[in-house]
Amino acid sequence: MSDLAKELIRPADVDAEAVTLVNCDDEPIHRLGAIQPFGRLVLCHPETLRIEQVSMNVDATHPQGRLGQPLEALIGEANVARVREATADGFDNPILLTMELDGTPYEVFIYETEGSLAIEYEPTPQGHRPPDFFKINGLLQQLKLDGDVATLCRRAATSMRRLVGFDRVMVYRFAPELHGEVIGEDHRDGLESYLGLHYPATDIPAQARALYLQNHCRLIADVNAPPVRLIPALHPHTKRVTDLSSSSIRSVSPIHIEYLQNMGLRASMSISIVQDGHLWGLFACHHYAPFHAPLSLRQTAEFFSNVFAARLAEKEATLERSYQASFRRRQAQMLEEMSNRTDFATAFYEGSPTLLDLIDAPGAAVCFDGQLHTLGETPDADAIRQLVGWLQRHDEREVFHTDALTELWPEGEALRERASGVLALAISQVQGDYLFWFRPEASRMVQWAGNPTKALVNEAGKLRLSPRKSFAAWREEVGGRSRPWTDYEVEAATGFRTVVIGLVLKTAGELKLRADVLARLNDELTRSNDDLDSFAYIASHDLKEPLRGIRNYAQFLLEDYEDQLDKEGRQKLETLVRLGRRMEELISSLLEFSRVGRLDLAVKRCDTNEIVADVLEMLAPRLEERRAVVHLPRPLPTVECDEVRITEVFANLISNGVKYNDQPQPRVEVGYTEVEGSDNPVFFVRDNGIGIEREYHENVFHIFRRLHARDAYDGGTGAGLTIVRKIVERHGGRIWLESQPGRGTTFYFVLNA
Ligand code: ADP
């Protein structure tokens, strides 16, 4: 169960009865009581060096006879002297030696287990020389740091294969959740590539991973070679099967051997890649013939792996640093953009950079002021809004992050594909203002690299499984999960949020400031309006008298000197009188208008029925003349208002309704509607008159604006509606109209709105 080969064949599928992944996990793989036949094992008392336990192959004829003998009897005095010398300072760490026995060179591995000194020795294959420094250095030179992590891993696979000479070498990386991926590979010609394949965490049981950390290199030299038992079967002190976790020739679980055999492999070796005490990954080496990689080669491979792990850490640290630097740079740019914009939130999605450039995620979204903007690959808008709603209700955190959203929120299934990973910054939880980054379900990112037709292979009556099966299992295992957010990303996003909040508050402050400025301007405007009103009042008041004088004088001239004037002179005087009268009317309107602005309102409770009744009485002659009907569908309410002014309003609106009316019988309806949630009724005055084109709806309220020739509809100066609006506004209300040209107009107004 110790290397990638295991992942390629899943026992449950091979023989569901006998072997399952669960019993794989339970199997005591370091206490199998046997070694592989390419080596020999002797356990001695650490001081007396008296033999306590041996592998059956230490003596071809009578291994039992060796028990209790001094070590010298087995390996000779000279070799024992070397062992004593090597272990003189203790043997906390394994010791490597070479020795010669009966003319055969051996490589020796010495370590401690359960209070005994373990000596493993394996014959050096013919012609083998330990890799020299030049070769090792040359291979290490290949581990250049100029590419990405995958490039470094590919180079490492190539160098490792050059070193160990296996048919295939893979660099297998564990994800934080322990599933794995082949990210580097080198193989001899003619083999199918496994690069890019993924495997579920369950494919490498926890205890195997624990052993990988303790013992960095494991060789299975020949999967078909029967294991060699130790005698006695139990360790003499512990009375248990001896712990061989430190052994370099330990035999392997029969389940694992079966996997390897099912794959057609004869030899396999795995070398741990350990970073800061955690298992980053493995070099997984496959060979299709038996392969006794000698101890010194295995040790060199381990050394190479250690250097590689350090280079890798350096590479990853550099990448992390540049990611952090780029984050900081872009964050600064974005903040500057934000402070330069009136609507700073637009910088998140319109600026350069955008949120997508800040954090390594394919999708982002900005939910601000009720507006949603998405960037890159995101769930649809509805799904994001639901997520906002869910966060508002269920998560108090200012920075929310998950790599498995549907585990927290099963109803969020719609987001699973594109947003299994969510990093959300709450700018205002109450208002639903959030910034998001999304990461997709990890399995969606990976394309199956193998040949899909080769899922199952029937070989010698046994089902052999291709990696595709593991891929499917991996997919299931990582379903609903994204690549996780790193600590740095969460931390950086948290910092970013703080700055954004600062800016929001500042902007809110500025808004308040702007509101203050507006209020001041408004005051000034009000004051200047008052000034204007005073001016209009004084001007109109003061002009009124001389004007009337001129007009009267002209009138006198006309009357008293009529016979002395010729026709032309008379006409000129008549024009003078008419223009004077007209000017007086204009000035009266202006005076009236300015008066509305200046005078305090005498507000009291008034029955509007009475007001309208007064108006109708006042207008009676004109209504009669036009045969007009004024209709009140229901009694009108009582409201707080200035009676005189509101009388003016109704009078103006009702008379306009009759005036601007072509119907043989003009009809005016005066009524009101209630508005839900408001105490103020909306009054209306509706007529069946000529109507007002849409584009003039605002114009009619401007002073001296008339839509018709002065005499066309017996019109006035064009100040009526201006004054009406001013009165309504002075009551804190507003007025507007709806109209269908040719069919009629309805004026609406509300007081104290
Ligand atoms: P005036 O005092 O000359 O009647 P107003 O300010 O009351 O002026 O109205 C401005 C213009 O709006 C009028 O000249 C007229 O063209 C138009 N108008 C006002 N009321 C109505 C109405 N009920 N139907 C059609 N047009 C109207």
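These notebook entries record what I looked up in the structure, beginning with the ligand and ending with the backbone.

**Entry 1: the model.** I noted at the start that this is a predicted model.

**Entry 2: the neighbours of the ligand.** I asked which residues are closest to the ligand. I found that 22 residues surround it, and that the closest are Asn656, Tyr660, Asp687, His708 and Leu721. I then sorted the shell by class and recorded eight nonpolar, 10 polar and four charged residues.

**Entry 3: polar atoms beside the ligand.** I looked up the distances from ligand oxygen atoms to polar atoms of the protein. For Asn656, an N or O atom of the side chain is 2.9 Å from an oxygen atom of the ligand. For Tyr660, I again found a side-chain N or O atom, here 2.8 Å from a ligand oxygen. For Leu721, the partner is a polar backbone atom, and the distance to an oxygen atom of the ligand is 2.7 Å. I next looked up how much of the ligand is covered: taken alone it exposes 540 Å², and the protein buries 97% of that.

**Entry 4: the elements around the ligand.** I asked which elements give two or more residues to the shell around the ligand. They are helix H21 (643-659), helix H22 (720-730) and strand E27 (744-750). Helix H21 supplies the largest share of this shell, namely four residues.

**Entry 5: the pocket.** I asked where the ligand sits. I located the ligand in the second largest pocket, and I recorded a volume of about 800 Å³ for that pocket. Its lining consists of 38 residues; Asn652, Asn656, Lys659, Gly720 and Leu721 lie nearest the centre. Two or more lining residues come from each of helix H19 (567-598), helix H20 (608-626), H21, H22 and E27. H21 gives the most to this lining, with seven residues. By class, I recorded 14 nonpolar, 14 polar and 10 charged residues in the lining. I noted that Asn656 is listed among the residues closest to the ligand and also among those nearest the centre of the pocket. Leu721 likewise appears among the closest residues to the ligand and among those nearest the pocket centre.

**Entry 6: cis peptide bonds.** I turned to the backbone. The peptide bond from Ile231 to Pro232 is cis, with omega near -10°. I placed Pro232 in the loop between strand E11 (228-231) and helix H9 (254-262). Ser352 and Pro353 are also joined by a cis peptide bond, with omega about 5°. Pro353 lies in the loop between helix H11 (346-350) and helix H12 (355-358).

**Entry 7: a positive phi.** I asked what phi Lys239 has. Its phi is positive, about 60°, although Lys239 is not a glycine. I found Lys239 in the loop between E11 and H9, the loop that also holds Pro232.

Technical notes:
Residues are numbered from 1 along each chain as its sequence is written. This is a predicted model: local features need pLDDT of at least 70, side-chain atom pairs count only at pLDDT 80 or more; totals for chains, interfaces and linings use all residues. Side-chain values use heavy atoms; hydrogens and water are left out. A residue is near a molecule or strand if one of its heavy atoms lies within 4 Å of it. A polar contact is a pair of N or O atoms within 3.5 Å; within protein, one must be able to donate a hydrogen and the other to accept it, and residues adjacent in sequence count only if both atoms are side-chain atoms. Accessible areas come from the Shrake-Rupley method with a 1.4 Å probe; for residues, only the protein chains shown count as cover. On a 1 Å grid over the protein atoms alone, a cavity is a set of points where a 1.4 Å probe fits but cannot get out, and a pocket is an open set with protein on both sides within 12 Å along at least five of seven lines; lining residues have an atom within 4 Å of a point. A molecule sits in a cavity or pocket if more than half of its atoms lie within 2 Å of its grid points. Ala, Val, Leu, Ile, Met, Phe, Trp, Tyr, Cys and Pro count as nonpolar, Asp, Glu, Lys and Arg as charged, and the others, Gly among them, as polar. Grid points are joined across faces, edges and corners, and a volume is the space filled by probe spheres set on the points.
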